[in-house]
Amino acid sequence: MEDDKKQKAYKKLGFTYLETAEIVVALNELLSNYIVHYHKLRSFHWNVEGGDFFELHEQFEIEYNEVKLQTDIIAERIRVFGLKPKHTLKQHLKISRIKEVERELTPLTMVQEILKDFQILHDAMLNVLNAALKAGDSATEEIATQFMRRIEKRHWMFTAWSKPS
């Protein structure tokens, strides 16, 4: 009887703390990857040079603006479950599989870096999706699916751009 009362105290929108723990871990991992990815996009936006400047400068801006919106959605989803998202750069850098770039890159290598990041982000989105499916959380499932649909399209576009003429 005492255990039932304890478990009810953790309910958030019909889910228990234990049911959402895996989702929140996956969401925090996705958030951390997005935070590092955002920083790289901003850096690439500021530092791209050459004949592809105008096109890539604009595309990197489109990407970082979308990432900014998506990080907000992820953080707010974590808050829905009554928890706080990771919030320091140190925490994000520790969790993220996406790593900072500390050398100057050509426009092509910038795009190749973004494509690698997309793969990591897609894997993290799959982790969120699987955790949501396991818990029966259709709202988080929908968020992950929307993010995946967009990143798959953008992966195709950047891949097409990076092919030799």
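The mean positions of the protein's 24 positive and 25 negative charges lie 6 Å apart. Here Lys and Arg count as positive, Asp and Glu as negative, while His and the chain ends are left uncounted. Each charge is placed at NZ of Lys, CZ of Arg, CG of Asp or CD of Glu.

This is a predicted model, in which local features need pLDDT of at least 70, side-chain atom pairs count only at pLDDT 80 or more, and totals for chains, interfaces and linings use all residues. Residues are numbered from 1 along each chain as its sequence is written, and side-chain values use heavy atoms, leaving out hydrogens and water.

**Overall build**

The protein has six helices and zero strands. Helices (H or I, at least four residues) and strands (E, at least two) are DSSP runs, numbered from the N terminus. The C-alpha atoms fill a box of roughly 70 × 30 × 20 Å along the principal axes. Of the 165 residues, 39% count as buried. Buried means under 20% relative accessible area, exposed over 50%, and partly exposed in between, with a 1.4 Å probe and protein chains only.

Take contacts between residues at least 6 apart in sequence: 78% of them join residues at least 24 apart. A contact means heavy atoms within 4.5 Å.

**Three residues**

| Residue | Relative accessible area | Class |
|---|---|---|
| S32 | 0% | buried |
| Y34 | 2% | buried |
| T145 | 30% | partly exposed |

S32 sits in helix 2, which covers residues 17–47. Which residues does S32 contact, leaving aside its neighbours within four places in sequence? They are Q91, H92, I95 and S96.

Y34 also belongs to helix 2. With the same neighbours within four places set aside, Y34 touches V67, Q70, T71, I74, L121, M125 and F147. One of these, Q70, is joined to Y34 by a side-chain polar contact of 2.6 Å. A polar contact is a pair of N or O atoms within 3.5 Å; within protein, one must be able to donate a hydrogen and the other to accept it, and residues adjacent in sequence count only if both atoms are side-chain atoms. Y34 and A124 are 90 residues apart in sequence, and their C-alpha atoms are 9.8 Å apart.

T145 lies in helix 6, residues 138–162. A polar atom of the T145 side chain is 2.8 Å from the backbone oxygen of E141. T145 and L41 are 104 residues apart in sequence and 22 Å apart in space, C-alpha to C-alpha.
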